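Dear colleague,

I am handing over the structure we spoke about, and I would be glad if you could look through it alongside the notes in this message.

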Amino acid sequence: MESTSHHQRNPKQTPQPLSAKCALGQTPTLKEPRLIDDWVLWLEQRPQEHGRTTALIRPWGQSDHPPQELTPAPANLRSRIHDYGGGVLATACQDNQLLMAWIDDVDGCLWFQRWQGLHQATTGKKELSPLNPPLRLSKPNDAQLADGLIDLPRQRWLGIMEADKRDWLVTFSLNHENQAATVLHRPADFAGYAILSPNGDQLAWVEWQQPAMPWEASQIWWASLDPAGLITSSACLAGSKPLDHKQTSVFQPLWLPNGELVVSEDSSGWWNLIVAKLTTDPAVQPTWRRPWPLSAETGMPQWVYGMSSSAWDGEQILTAICDQGSWRLSRLADDGQISTINQPFDDLNGLQAQEGRAVAIASNATTSPGLLELNLNCGSWKHTPASEPLLNADAISVAEPIWFEGCHGQQTHAWYYPPINGSKGPAPLLVKSHSGPTSMANRGLSLSIQFWTSRGWGVVDVNYGGSTGFGRAYRERLRGGWGETDVTDCAEAALALVKCNKANPTQIAIEGGSAGGFTTLACLCFTDVFRAAACRYAVSDLTAMAEDTHRFEARYLDHLVGRWPDQRQLYENRSPLLHAHKIQCPVIFFQGLQDKVVPPEQTERMANALKENGIPVELHIFEQEGHGFRDSAVKTKVLEATEQFFRRHLKL
C-alpha cells in the first residue's frame, strides 16, 4: 500500500518553545474540499491576509503541483448566514467545464464563474482557463445566502437565503446578474442541506424550528419537482419537532444512484445512517431501514453549513464514524457489513467522494490538519498539511484519553497533553473548555495546545457533559445544566490530574471562548480550583443573552438553562456577571467589536465588575474582529498576551 504524508521529520533535537506566531499566525485553515473530475478543490482561509478565504484547485493526487487560485484578492469567500456561516461553495462539472458559485464577503452577494480544461489534468496542462469574468447573480441587500448547489439541467443555483427573520429555499439563474431571489419553498423556520436526487426530479433537505437547535430536534423534508424545477408536492419524512415527546435529530441527507435516500438520525441514541426507498407520491410514507447500527456517531452538530460525514464513493457509502471522541473512516456494504479503511487520521471533516476517490480535511495527534486524498480502489492515500510542519516528532505532546468522575459521578472524557520538558512532578495545568457548548474536543494536532506544552504546561481539553461524539445521552447531560454540569466536569478534570500528581494545584489556569468563556467564568464563580483565566468573547450574562442575541441561538438557552422568562431565577443564579464578587483570581478578556453573538458591552461590563472588586484584569479590544478571531496578528497577540498574563499572576 502506498501511503505518503508531507509531514517530514527533522533529526531529533532538544524541543524548543513554540512561538505564538508559529502556533497561530501563519497556519491557513482548509475547508469544504471538493472532487471535480480529475481535480481537487478546496477553500483556504489565510490569517496572514486578515482571514481572507480563497478557492484553490489542482490536479488530483499531485500534491507537489502548486495549486491554482480561482478567486484572487479582493475576493473573500465567506457567508454570514446565521452569523456562523459555512456552505460557501457550490460546484459542478459540465463536459470540460468547472462551474463554481460562491458567496463573497466583499458585498455579501452570490457570484458565479466558468472555467474550461477539466479533462486536461492528466494530459500535461494543469491549470484551468476562465471562460468568463465573475458574474454577480444576486443584488446587494440585507439577505444572507449560503449552502447552495448547482442544478445543472435547469442552470440555476439552489440554496438558503436568510431574510425577514426566517430561512427561505431560493434559486438564482446562472445566466443573469443582479437578480432578485426566486422563492422555491418557505420553511417554517430554519432549513439547509438541500440535495437533488440523481435524476433531478426530487429534492431533500433538513428543517428545524425554535426553540430547538438542529441537533436537538429536526426533520428531513422531501419534495417532488416538475420539469421546470418547481415543487409539486412535499412531505416531512423523518425526525421530530421541538414539542414532540421523543426528540430526534437528522443530519446530512444523501441520495444514492438507485434513488434511495440516506440520512443520519439519532432516535437510537446515536447518529446512525438510515435508508429508505422513496416514491413520488407524498401520501406514501417511506419505510426506513437501519442497516448499520452502531454505538457511535455518523453525524455532528450543525453549527455551520458545509458539513459532511458521508458520501457515495461510486460503489458503497463512505462514512466517518466518531467513537469515544475519535473518528475513523469506513465503507458500508448493502448486507450491513462495515469495513474500516486503513488510514492513520482520527480527526476528519468535510468528507467528499467520487468514483473510487475520497477527500477530507484530516489530522491526528502528530500531523496538523491538511488535505487527505484517498484512492479507495487500491487503498493508497496522500496527506498535504496546510503549512510546513513546525515541530519534530519528539517536540509534540500526544493527547492521552482520560476518563474521570464528573458531575453526578458520571464517567466523563477529556484529552490530556503532558508537558514535554521531561518534568516528572506536578506541572502548571491549562484547562480548556470548548465552545458550543454543543461541540467536542478533538485529538487532531493543535499548535495552540503545543504552544503551552512546549513551555512545560500540561493541558487538559475537556469533553464535559453536553459534548458531542459520545451519543445523545451524553449530550443530554447538559439539558438544563449549563453552568453546573460543564463547570463541575472542568473542575473535576483538573482535580483528577492533581490527584495523580500531574498538576500543581497552585498553578491551574482555565481558558475558553464564547460558550467556553461562559464555562470559564462560571468555574471561577462557583469553584475554587482555578488561579487565573483567559476569556475570548465570553458569555457572561445569561439574561442579556436570552433577550439579545442572534436568531440562530435565540432560544438555545431554553434547552441549556430553562424556559425564558419563566425560569429567570435560574438565569440569574448562573450568570457570572451577577456573581462577579465571587471571583478571586486574575482574568484576561479578548473581545471583537463586530461581534453579533456576544455584544462587546457584555464583556466590558464583566471586566469592569471585576476591576471594581480589586481583581487584576486586562481587556483587549479588536475593532475589526467578530465572534471568532481570523486575523493572524490578532491571534498571535491573544496567545502572547495570555501567556504573559498567566506567567505574571501564577509566578512562573
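Below I describe a hairpin, a pocket, two helices and one cysteine. Please keep in mind throughout that this is a predicted model.

I begin with the hairpin, which is formed by strand 6 and strand 7 with two residues between them. The two strands, covering residues 89–94 and residues 97–104, run antiparallel and are joined by six bridges; within this pairing, Thr91 has Met100 of strand 7 as its bridge partner. In the turn, Asp95 takes a positive phi of about 55 degrees.

Thr91 also leads to the second largest pocket, since Thr91 is listed with Leu149, Ile195, Leu196 and Gln352 as the lining residues that lie nearest its centre, out of 47 residues that line it. The space in this pocket comes to about 1,500 Å³. Its lining is made up of 26 nonpolar, 14 polar and seven charged residues. Several strands each supply at least two residues of that lining, among them strand 2 (29–36), strand 6, strand 11 (144–151), strand 15 (190–196) and strand 26 (347–354).

Turning to the helices, helix 5 consists of twelve residues, 515–526, and reaches 16 Å from its first C-alpha to its last, which is close to the 16 Å expected at 1.5 Å a residue. Eleven of these twelve residues are buried, so helix 5 is largely enclosed by the rest of the structure; the buried residues include Phe518, Leu521, Cys523 and Cys525.

Helix 10 (residues 632–650) gives a similar check on geometry: its 19 residues should span 27 Å at 1.5 Å a residue, and the end C-alpha atoms are 27 Å apart, which agrees. Its N-terminal end is capped by Asp631, with a side-chain oxygen 2.8 Å from the backbone nitrogen of Ala633, while just after the helix Lys651 takes a positive phi of about 55 degrees. Among the buried residues of helix 10 are the charged residues Lys635 and Glu643, along with Val638, Leu639, Phe645 and Phe646.

Finally, is Cys236 of strand 18 (residues 231–239) buried, partly exposed or exposed? Its relative accessible area is 29%, and because the partly exposed range runs from 20% to 50%, Cys236 counts as partly exposed. The C-alpha atom of Cys236 is separated by 4.5 Å from that of Trp221, although the two residues are 15 residues apart along the chain.

With kind regards

Terms used
Residues are numbered from 1 along each chain as its sequence is written. This is a predicted model: local features need pLDDT of at least 70, side-chain atom pairs count only at pLDDT 80 or more; totals for chains, interfaces and linings use all residues. Side-chain values use heavy atoms; hydrogens and water are left out. Two strands pair if DSSP finds at least two bridges between them. Helices (H or I, at least four residues) and strands (E, at least two) are DSSP runs, numbered from the N terminus. On a 1 Å grid over the protein atoms alone, a cavity is a set of points where a 1.4 Å probe fits but cannot get out, and a pocket is an open set with protein on both sides within 12 Å along at least five of seven lines; lining residues have an atom within 4 Å of a point. Grid points are joined across faces, edges and corners, and a volume is the space filled by probe spheres set on the points. The expected span of a helix is 1.5 Å times one less than its number of residues. Buried means under 20% relative accessible area, exposed over 50%, partly exposed in between (1.4 Å probe, protein chains only). A polar contact is a pair of N or O atoms within 3.5 Å; within protein, one must be able to donate a hydrogen and the other to accept it, and residues adjacent in sequence count only if both atoms are side-chain atoms.
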